[in-house]
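Trainee: Please take me through one part of this model in detail, namely the surroundings of the ligand and the core beside them. I would like each term given with its cut-off, so that I can follow the reasoning in the coordinates.

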Amino acid sequence: MLASAAAAAALLPRRLNPNPNPKPYLLKRLASSTTTSSSARTTPPNPQIPISGAAAATAAEVESNPTPLFLRPAEHPIPATSLAAFRRRAESLIPPTAPHLHRHLRWLLADAAGEDPALLRLPLGDLEALWIRHVRDRRPFQYVVGNEHWRDMVVAVREGVLIPRPETEAVVEMVGNVEGFEGGWWADLGTGSGAIAVAVARMMGPKGRVFATDVSEVAIEVARLNVQRYGMQDKVEIRHGSWFEPLEDLKGKLMGVISNPPYIPTEDLPGLQPEVGWHEPKLALDGGKDGLEHLLHLCEGLSSVLKPGGFFVFETNGNKQSEFLVDFISTKWDSSFCDVGAVLDFADIKRFVTGYRR
Ligand SMILES: C[S@@+](CC[C@H](N)C(=O)[O-])C[C@H]1O[C@@H](n2cnc3c(N)ncnc32)[C@H](O)[C@@H]1O
């Protein structure tokens with residue numbers, strides 16, 4: 001289906017952003033040795049930076065706005081001198097140990113500016129509060145601006161929803177390599193921002209469909225927004241509920257199941273870097289004992305929803321989990337699945353487990 005004019009306009013690259021694909025910084029998903037080698041650019045904690053009660057309240061209010069900053073109307077007049085003064089104040093908060101924050105400041109100002117440089121998309125006080133929360137509280141930059149660049153998309157995100165990671169982009173390619181995928185019915189379980197579901201749907205033909213589920217209401221809301229922004233309402237159906245529960249009517253009908261479930265061992269959660277551990281939803285991270293609770297549940301339910309020949313891909317915590325799952329599925333469910341194996345991510349870590357229903 002064609003996107004409406006408004007949706008198409010919303011998808012235009014940010015003209016004021018000097019870098020159309022900034023990938024602000026690659027947040028390491030895990031603190032364990034099996035994590036990707038992506039270079040995590042983190043902001044050193046700086047609790048000395050004062051934040052007034054009023055600014056903290058402003059930040060909380062601004063953060064609850066679900067619309068990505070660059071999509072908000074530019075309606076707040078800003079004298080050039082005030083903006084220059086803000087820039088100086090913001091720069092003065094950047095410690096020498098975190099030079100990447102200069103880049104973040106440029107991106108933030110690019111997202112906040114209207115086409116008319118005399119207009120901002122939010123009041124200056126709100127901008128200041130957001131910046132302090134980023135520098136001081138290590139709130140991920142993606143939550144500050146309300147979006148993440150993922151594949152060729154700009155995905156809306158906000159607190160309560162996992163920021164989609166670069167390594168997860170590979171599952172879309174895997175789906176695209178399945179013969180006839182474009183006409184099949186797929187499920188994206190634990191869809192979060194809906195990034196995977198939307199990306200897969202955009203490659204599909206008219207008969208293809210993705211059922212995107214999540215137990216989190218915030219995720220459902222954000223996924224819906226992303227589906228709308230990309231005009232995929234006819235191809236992606238969002239369903240609220242736990243794992244396979246919302247798919248009762250689809251038993252034996254799916255060509256594929258995709259999931260990037262929570263897979264961090266509960267005992268590893270306290271070791272996560274603050275950007276992740278303090279700000280991203282535990283519901284999206286906590287995989288229970290050994291990080292395998294949800295993955296095992298997903299393996300259990302697979303055979304009832306997939307049709308014969310159906311494909312599955314799960315993202316995992318890395319080598320140990322993937323090896324365990326490949327072995328587990330191949331021995332326990334040998335009669336149900338074939339071609340089960342681990343797939344490497346761009347850091348040569350066995351990040352994914354894939355296979356086919358017999
Ligand atoms: C690691 S995040 C992945 C989000 C998204 N698919 C991505 O790759 O960016 C895991 C997702 O699973 C969801 N989730 C957790 N428990 C769930 C459950 N019992 N049923 C469905 N979804 C669940 C979380 O809310 C979260 O959105």
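Mentor: What follows starts with the ligand, goes on to the core and its strands, and ends with a few single residues.

This is a predicted model, in which local features need pLDDT of at least 70 and side-chain atom pairs count only at pLDDT 80 or more, whereas totals for chains, interfaces and linings use all residues. Residues are numbered from 1 along each chain as its sequence is written.

The protein chain holds 13 helices and 11 strands, where helices (H or I, at least four residues) and strands (E, at least two) are DSSP runs numbered from the N terminus. Of its 358 residues, 43% count as buried; a residue is buried if 20 or more other C-beta atoms lie within 10 Å of its own, exposed if 12 or fewer, and partly exposed in between, with the C-beta atoms placed from the backbone. Among contacts in the protein chain with a separation of 6 or more, 73% join residues 24 or more positions apart, a contact being a pair of C-beta atoms, placed from the backbone, within 7 Å.

Around the ligand there are 21 residues, of which G190, G192, S216, N260 and A284 are the closest; a residue is near a molecule or strand if its C-beta atom, placed from the backbone, lies within 6 Å of it. The shell divides into 11 nonpolar, 9 polar and 1 charged residues, where Ala, Val, Leu, Ile, Met, Phe, Trp, Tyr, Cys and Pro count as nonpolar, Asp, Glu, Lys and Arg as charged, and the others, Gly among them, as polar. At least two residues of this shell come from each of α8 (195-202), β6 (209-214) and α11 (282-285).

Helix α8 is also part of the core. The largest nonpolar core has 85 residues, and A187, A197, V198, V200, V236 and V257 touch the most other members; such a core is a set of buried Ala, Val, Leu, Ile, Met, Phe, Trp, Tyr and Cys residues joined through C-beta atoms within 7 Å. The element that gives the most to this core is α8, with 7 residues. At least three residues of this core come from each of domain 1 (10-147) and domain 2 (158-357), with bounds that come from an automatic or database domain assignment. In soluble globular proteins, nonpolar side chains tend to be buried together.

Within α8, 7 of the 8 residues are buried, namely A195, I196, A197, V198, A199, V200 and A201. V236 shows how this helix meets its surroundings: leaving out residues up to four places away in sequence, V236 touches A197, V198, A201, V210, A212 and V227.

The strands can be read outward from β5 (residues 185-189), in which 4 of 5 residues are buried. Strands β5 and β6 run parallel and are joined by 5 bridges, two strands being paired if DSSP finds at least two bridges between them, and A187 stands opposite F211 in β6. Strand β5 also pairs in the parallel sense with β8 (residues 254-259) over 4 bridges, with D188 opposite I258. In β8, 6 of 6 residues are buried. Strand β8 pairs in turn with β9 (residues 306-315), again parallel, over 5 bridges, and there the bridge partner of V257 is F312.

Two residues deserve a check of their backbone angles. Most residues other than glycine have a negative phi, and most peptide bonds are trans. W243, although not a glycine, has a positive phi of about 35°; W243 lies in the loop between β7 (236-240) and β8 and counts as buried because it has 20 C-beta neighbours inside 10 Å. D348, also not a glycine, has a positive phi of about 60°, and sits in the loop between β10 (337-344) and β11 (350-357), where it counts as exposed because it has 10 C-beta neighbours inside 10 Å.

Finally, S322 in helix α13 (residues 319-332) is buried, since 25 other C-beta atoms lie within 10 Å. Setting aside neighbours within four places in sequence, S322 is in contact with T316, A342, K350, R351 and V353, while the C-alpha atoms of S322 and G341, 19 residues apart along the chain, are separated by 8.3 Å.

Terms used: Contact = placed C-beta atoms within 7 Å.
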